[in-house]
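Dear colleague,

Please find below the structure I promised to pass on. My notes on it follow.

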Amino acid sequence: MSNRVVEGRMVTPERLAELVEGERPLEAEAIQDADMDCPDCGENVISVGYMPNITEFVTAFKCQECSWADTDRD
Ligand SMILES: [Zn+2]
C-alpha cells in the first residue's frame with residue numbers, strides 16, 4: 001500500500017499530489033521516501049511523481065509533519 005500519513009492525515013498518492021499542486025493530477029505514482037529531511041522541521045520527507053497534464057511529469061516533495069513542500073520544476 002502506498003498511502004501515507006501527512007500532517008496527521010492518511011493520504012493517497014493522488015491526494016498528496018493535489019496537496020502540493022493545488023489541483024488533482026491525471027495520474028500519480030506510488031508515494032516513496034525522498035531520502036531527505038525537511039529543511040523547516042527536520043522530519044521525514046516523502047515524494048510522489050504525477051502528471052498534472054498530459055505533457056508534464058512532476059515529482060513533488062512533501063514533509064510528513066509540517067506544511068513544507070516543493071517540486072522538481074525549474
Ligand atoms: Zn517539515
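In what order do the elements of the chain run from the N terminus on? The order is β-β-α-β-β-β-β-β, which amounts to one helix and seven strands. Please keep in mind throughout that this is a predicted model.

Overall shape first. The chain has a radius of gyration of 11 Å, close to the 11 Å that the globule rule gives for 74 residues, so the chain is as compact as a globular protein of that length. The C-alpha trace spans about 35 × 30 × 20 Å along its principal axes. As for burial, 26% of the 74 residues count as buried. Among contacts with a separation of 6 or more, 36% are made by residues 24 or more positions apart.

Next, the hairpin of strand 4 and strand 5. Strand 4 covers residues 32-37, and strand 5 covers residues 44-53. The two run antiparallel and are joined by three bridges. One pairing to look at is that of D33, whose bridge partner in strand 5 is I46. Six residues lie between the strands of this hairpin, and G42 there takes a positive phi near 80°.

How many of the six residues of strand 4 are buried? The count is zero, and the strand is hardly covered. D35 belongs to this strand and fits that picture: D35 has 8 other C-beta atoms within 10 Å, and the cut-off for an exposed residue is 12 or fewer, so D35 counts as exposed.

D35 also deserves a look for its backbone. Its phi is positive, about 55°, although D35 is not a glycine. When you inspect D35, recall a point about strands: in a regular strand the side chains alternate between the two faces of the sheet.

There is another non-glycine residue with a positive phi to report. E7 has a phi near 50°. Where does E7 sit? Its place is in the loop between strand 1 (4-6) and strand 2 (9-11). Is E7 buried or exposed? E7 has 12 C-beta neighbours inside 10 Å and therefore counts as exposed; the cut-off is 12 or fewer.

To put the two side by side: E7 lies in a loop, whereas D35 lies in a strand. E7 is exposed, and D35 is exposed too.

If you open the model, I would begin with the hairpin and then turn to the loop.

Regards

Terms used
Residues numbered from 1 in each chain as written. Predicted model: local features only at pLDDT ≥ 70, side-chain atom pairs only at ≥ 80, totals over all residues. Buried ≥ 20, exposed ≤ 12 C-beta atoms within 10 Å, placed from the backbone. Helix = DSSP H or I, 4+ residues; strand = E, 2+ residues; numbered from the N terminus. Pairing = 2+ DSSP bridges. Rg over C-alpha atoms; globule rule 2.2 N^0.38 Å. Contact = placed C-beta atoms within 7 Å.
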